[in-house]
Amino acid sequence: MDHASRSLRRYAVGLMSGTSADGIDAAVVAIEDGPGARLRAELIAFENRPYPAAVREELFALFDPRRATVDRVGRMNVLLGELYAEAALSVIAAAGLSRAGIAVVGSHGQTIWHAPETERAFGYDISFTVQIGEGAVIAARTGIPCVSDFRVADMAARGQGAPLVPFTEYLLYGERGRTLLLQNIGGIGNMTVLPAGGSADQVFAFDTGPGNMLIDGLASRLYPGLAMDKDGALARQGVANEALLEELRREPYYGLPLPKTTGRERFGAPYTDKLLAYGAEHGVSGVDLIASVTQLTAWSIGDAYRRYVRDRYAAEVLIVGGGGSYNPVLMDFLKREMEPLGVIVQTQEEVGGSSDAKEAVAFALLADYAIAGRPNNLPSVTGAGRPVVMGKISYSFRPPVGG
C-alpha cells in the first residue's frame, strides 16, 4: 500500500507488553496525516489484559537463558500470538468498530532477550534480540495484516533496535518553542529528547536505567502475593539507604556512551538477588531497600539529563508516562531531581495524554508506517547506519468471520 493510496483517516491497533511483563496493552488509534512529516493520532479505545498467572510465571522462566529451551520458547511464541489476537479483537469491539475497518495491527511482542552490543562470532559481528508473540497467528485469528518483530531490521542496519517509541514521539509531540523530554518509566526507564524546532536527525533517546524493574523485583520477592509497590506504599514506609545508593550509582551502565539500551539482562533477577543479599548483610529492611531503588530510578533520570542532555539542549519540561508515573513517591523523588535543574515534571495525563496507552499507540503508528513501506526508525536514536522499514508483515487472506 503506497502513501498516496491510503485513506486520509484510518484505524490501527497497537499491542504492547513491556519489560514488566504484566500484561497486554491494546489500543485502537485513528490516524491522519498532518503537515510535513507530522501525524495526528486519536486514541479511540484502550484496554489492558493482564497475563494469566501461569503464563506470566512461564514468561519469567524464559527470561533465564538456561531455562529458555527452544520448545518452551516456541510454544510461548504461539500462545502469546493467541493472547495478543484476543486482545486485539476485544479492543476493536470496545471501539465499536468491525475488523474490516482496521487497516493494520502492530504488535511489539514480549522481549525475552535483548543483546544490542556487538560480539564477534564465527568471523561476523553479531548482535541480536528475541521478541515472541507470533504475528502470523495474530493475522490468522483477526483477519487483519499484522506487523511484528520490529527491532531486528534496525539491528541489521547496525542499530541498537531500541528505543523505538521516539520515532512516534517526534511525529506527535515536537514543539517549535520548547525543548521537551519524554520519560517512560516501565520496567526500564527511557528518555527521548525533542529539541525545540528540531528535525528528526536532531532527536536522540536512550535508556536511562531501571524504571520499575528493581522496585517490582524487590516487592515480589519480599512480599509474596505482590507484583509491585502499588502507589509507592512500601517505599513511603522506608528511608533510602545512602550507602547502598552510593554503591548502586557506580553501576557502569550509567556512564556508557550513547546510543545505549538495557533491559532485564542487566537489571533483572540476579540484580535483585544482590540487593537482597546486601540488605541481609547490612541490616537494611525491605521497605528501606524499596525506598532506595525508588530513589535510584529518579536519580538515574536526573543523572542522564545532566550527563547527556543539559549541555546540548536545556529542557523546560519532562513529561512522564508508563506505570512509574502512577507511583507518587517516585514522582516526588523525580521532581526533587529535576526541578532544581529548571525542568518542570508533568505526567502524560497532565498534558492530555495517557500513560497507560502511550506505547500501544506508538506501535499502531509504527505499523501504519511499515504497512505503507515508509521508514520508521530514527538512526540518530538507535545508531543504525540508515533509515529502515521496521517490522515483519503477516497477512491473512481468509476473510474474518463476522467481520
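A cavity is a set of grid points where a 1.4 Å probe fits but cannot get out. With that in mind, let us take a walk through this structure, which is a predicted model. A search of the whole structure turns up two cavities of 30 Å³ or more, and the largest cavity holds about 40 Å³ of space.

What lines the largest cavity? Its lining is made up of Arg38, Tyr170, Gly174, Glu175, Leu194, Pro195, Gly197, Gly198 and Val203. Sorted by class, these are four nonpolar, three polar and two charged residues. The second largest cavity has a volume of about 30 Å³. Around it you will find Pro163, Leu164, Pro166, Phe167, Asn376, Asn377, Leu378, Thr382 and Met390. This lining has six nonpolar and three polar residues, and no charged residues.

Now for a space of the open kind, a pocket. The second largest pocket contains about 390 Å³ of space. It is lined by 21 residues, and those closest to its centre are Leu172, Tyr173, Gln348, Gly352 and Gly353. Three elements give two or more residues to this lining: strand β3 (39-50), helix α5 (166-173) and helix α13 (358-371). By class, the lining of this pocket divides into 11 nonpolar, five polar and five charged residues.

Strand β3 leads us on to the strands at the start of the chain. Strand β1 (residues 9-16) pairs with β2 in the antiparallel sense, over eight bridges. As an example to find on your screen, Leu15 has Ala26 in β2 as its bridge partner. The two strands form a hairpin with six residues between them, and there Ala21 takes a positive phi near 55 degrees. On to the next pairing: β2 and β3 also run antiparallel, joined by 11 bridges. Ala26 turns up here again, with Glu47 in β3 as its bridge partner. Is strand β2 mostly covered or mostly open? Strand β2 (residues 23-33) is mostly covered, with nine of its 11 residues buried.

Further along the chain there is an open sheet of five strands. Their order is β10-β9-β8-β11-β12, and the pairing is mixed. At the edges stand β10 (204-210) and β12 (344-347); each has a single partner strand, so one side of each is left without a neighbour in the sheet. From one strand to the next, the twist averages 25 degrees. Within this sheet, strand β8 (residues 180-185) and strand β9 (residues 188-194) run antiparallel and are joined by six bridges. One pair to look for is Leu181 with its bridge partner Val193 in β9.

Let us finish with the charged side chains. How many salt bridges does the structure hold? There are 18. In one of them, the side chains of Glu82 and Arg141 meet with N and O 2.9 Å apart. Glu82 lies in helix α2 (residues 70-94) and Arg141 in helix α3 (residues 135-142), so this pair ties together parts that are 59 residues apart in sequence. Both partners count as partly exposed: Glu82 has a relative accessibility of 24%, and Arg141 has a relative accessible area of 41%.

Another salt bridge links Arg178 with Glu175, and their closest N and O atoms are 2.9 Å apart. You have already met Glu175 in the lining of the largest cavity. Arg178 is partly exposed at 32% relative accessibility, and Glu175 is partly exposed with a relative accessible area of 30%.

A third example joins Asp303 to Arg307, with the closest N and O atoms 3.1 Å apart. What separates these two residues along the helix? They are four residues apart in helix α11 (residues 286-309), which means they are separated by about one helical turn. Asp303 has a relative accessibility of 11%, so it counts as buried, because buried means under 20% relative accessible area. Arg307, at 44%, is partly exposed.

Salt bridges can also share partners. In this structure, such shared partners join Arg10, Asp33, Asp368 and Arg374 into one network. Try tracing these four residues in the model as a last stop on the walk.

Note on methods:
Residues are numbered from 1 along each chain as its sequence is written. This is a predicted model: local features need pLDDT of at least 70, side-chain atom pairs count only at pLDDT 80 or more; totals for chains, interfaces and linings use all residues. Side-chain values use heavy atoms; hydrogens and water are left out. Buried means under 20% relative accessible area, exposed over 50%, partly exposed in between (1.4 Å probe, protein chains only). On a 1 Å grid over the protein atoms alone, a cavity is a set of points where a 1.4 Å probe fits but cannot get out, and a pocket is an open set with protein on both sides within 12 Å along at least five of seven lines; lining residues have an atom within 4 Å of a point. Grid points are joined across faces, edges and corners, and a volume is the space filled by probe spheres set on the points. Ala, Val, Leu, Ile, Met, Phe, Trp, Tyr, Cys and Pro count as nonpolar, Asp, Glu, Lys and Arg as charged, and the others, Gly among them, as polar. Two strands pair if DSSP finds at least two bridges between them. Axes are lines fitted to C-alpha atoms, for helices over the stretch in contact, and angles run from 0 to 180 degrees between N-to-C directions.
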